[in-house]
Amino acid sequence: MSEKVKFGRSKVFFDTFHRRPGPIKKNMHYCPGCGHGILHKLVAEVIEYHGIQENTTLIAPVGCAVFAYYYFNVGSISVPHGRAPAVGTGAGRANPESYVISYQGDGDLAAIGFNEFLQAANRGEKMTVFFVNNSNYGMTGGQMAPTTLPGQKTTTSPYGRNPETEGYPTPVCEIVNSLTAPVYIERVALTTPGRVAAAKKAVYKGIQNLKERKGFSLIEVVAPCPINLKMSADQVNEFIEKQMLNYFPLGCLRDKTAETPEGKLPPPVIRDEEAVREILFPLRNENAVAADFRNTSGIFDQELRVKIGGFGGQGVLSLGVMLANMARLRNFNVSWMPSYGPEQRGGAACCAVTVSRKAIPSPIIDRGGNLLIAMTQAAFDKYIGELREDGILIYDHTAVKLPQLPATMKTYGIDALDIAGNQLGNSKFANSVLIGALAAVLAENGMNEADQADFSNAFKEAVEEKFGKKPGAVEANINAYAAGLKAMQK
Ligand SMILES: Cc1ncc(C[n+]2csc(CCOP(=O)(O)OP(=O)(O)O)c2C)c(N)n1
Ligand code: SF4
């Protein structure tokens, strides 16, 4: 590698950096003396050198690594703790043009994500992993990591790590070196200019392997985290040199680059939604629900993707369950996915329901919702973005103030809580009121008479299934349904 000494910033970085929010306006995201900044610089310069900026996908999980997306002007995916190699596998398989870099901390890679990391290494995924070993969980304030040294004090090992109870530091490179697939494994450090130059060579090789699709490369970077180690920059360098490197010796553990031919990422298997469905849900028996299944009900002939949001206690989740059960009783495919906070009552609650003749690959609605039922302003504000422009909105008239919405969106207000609480005597019937209202809305939007009748029957059957042994409850819910239907018809 020959490269001119360069001053200034790599073009792989953004032109301007955002500063960290907070009172001290000069702060960047990384603390002074942090190793991430040095490694970022090396990685950016080498990506630029290899000319792969356009197609680079840099995956950083939580941890201080996550800030990478403020600096690298490449395709960035931030992922949950430990999940970068798994997401990187998917990103590479879906887009064989991409060059996948996984950039992970030691808590992330060697603890919560160790299995996924090892599996990716063992599969020889064509990705390059930068592993920042700073001997602690940096972002969360310096807890013990798998790389913490025996005797090292951290917030969760205040008397020093005791190998008898907490084990020994995890030698990640050595473990990966016991696998067959990886092509390149090297451990470097950032303590002196000479070490940084050696680190850059390793970064260069890792990214060249990536460009040539040679296979899995791992570069462990023993890096300073002066803030959490409560040391000055000099002290932390000394700690690394005199203590960390005893456990994490520097050097190249494996380099099979020369004898490994250039490769390529496998072509993506999946290009369209139908293919996804067929691959994920092959029909296995005659009773599986398919487009031509002996199902005469048309109540959910149009795939319906519904988001229902409100607060706990309003029956938001059971409204979704009821709708899903109606569809299930008519042999449609169904998914129901709840989401709610730790509060029993009063906290935000929502669920996503999809009913379809086709198999449902994902329960997530994202931006493809056909119907939003919003019981509170907060739910409306949060989920309106998930409703398609030609979607239907049913909202609680008293609770939600509508802003200007696209003219193609159909909106229906109803005082469901008021009808349930004041007319019917119990606000817990609001969910059945809303299903009645939905029946009226579907009728207005083209549901034929036979299906309207079947929708009501399906509701009755779902209620009977749920409250069979309590005839009073069955009747009350059917009355609530009728009240909602009538109110909406008006
Ligand atoms: C599933 C999950 N568990 C825990 C956390 C909390 N968490 C956020 S960052 C972090 C520590 C990251 O440490 P490390 O991976 O060593 O990276 P560093 O910050 O040192 O660069 C933890 C535990 C989380 N966000 N998600
Ligand atoms: S906490 Fe440690 S790893 Fe995180 S930015 Fe600060 S010095 Fe770097």
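**Ligand 1 environment and the H2–H4 helix contact**

In this predicted model, ligand 1 is surrounded by 16 residues, of which the closest are Asp106, Gly107, Asp108, Gly138 and Met139. By class, this shell around ligand 1 comprises nine polar, five nonpolar and two charged residues.

Several short separations involve oxygen atoms of the ligand. A polar side-chain atom of aspartate 106 is placed 2.6 Å from an oxygen atom of ligand 1, while a backbone N or O atom of cysteine 64 lies 2.8 Å from an oxygen atom of the ligand, and a backbone N or O atom of methionine 139 likewise lies 2.8 Å from an oxygen atom of ligand 1. Of the 590 Å² of accessible area that ligand 1 has on its own, the protein covers 73%. Helix H3 (106-112) and strand S5 (136-137) are the elements that give two or more residues to the shell around ligand 1, with the largest share, four residues, coming from H3.

A helix pair was also examined. The axes of helix H2 (residues 84-94) and helix H4 (residues 114-123) come within 8 Å and cross at roughly 40°; because angles from 35 to 65 degrees fall outside the roughly parallel and roughly perpendicular ranges, H2 is described as oblique to H4. On the H2 side, the contact is made by Pro85, Ala86, Thr89 and Arg93, and on the H4 side by Glu116, Phe117, Ala120 and Arg123. Taken by class, the residues of the contact of H2 with H4 divide into four nonpolar, three charged and one polar.

Key
Residues are numbered from 1 along each chain as its sequence is written. Chains are lettered from A and ligands numbered from 1 in the order in which they are written. This is a predicted model: local features need pLDDT of at least 70, side-chain atom pairs count only at pLDDT 80 or more; totals for chains, interfaces and linings use all residues. Side-chain values use heavy atoms; hydrogens and water are left out. Axes are lines fitted to C-alpha atoms, for helices over the stretch in contact, and angles run from 0 to 180 degrees between N-to-C directions. Angles under 35 degrees count as roughly parallel, over 145 as roughly antiparallel, 65 to 115 as roughly perpendicular and the rest as oblique. Contact means heavy atoms within 4.5 Å. Ala, Val, Leu, Ile, Met, Phe, Trp, Tyr, Cys and Pro count as nonpolar, Asp, Glu, Lys and Arg as charged, and the others, Gly among them, as polar. A residue is near a molecule or strand if one of its heavy atoms lies within 4 Å of it. A polar contact is a pair of N or O atoms within 3.5 Å; within protein, one must be able to donate a hydrogen and the other to accept it, and residues adjacent in sequence count only if both atoms are side-chain atoms. Accessible areas come from the Shrake-Rupley method with a 1.4 Å probe; for residues, only the protein chains shown count as cover.
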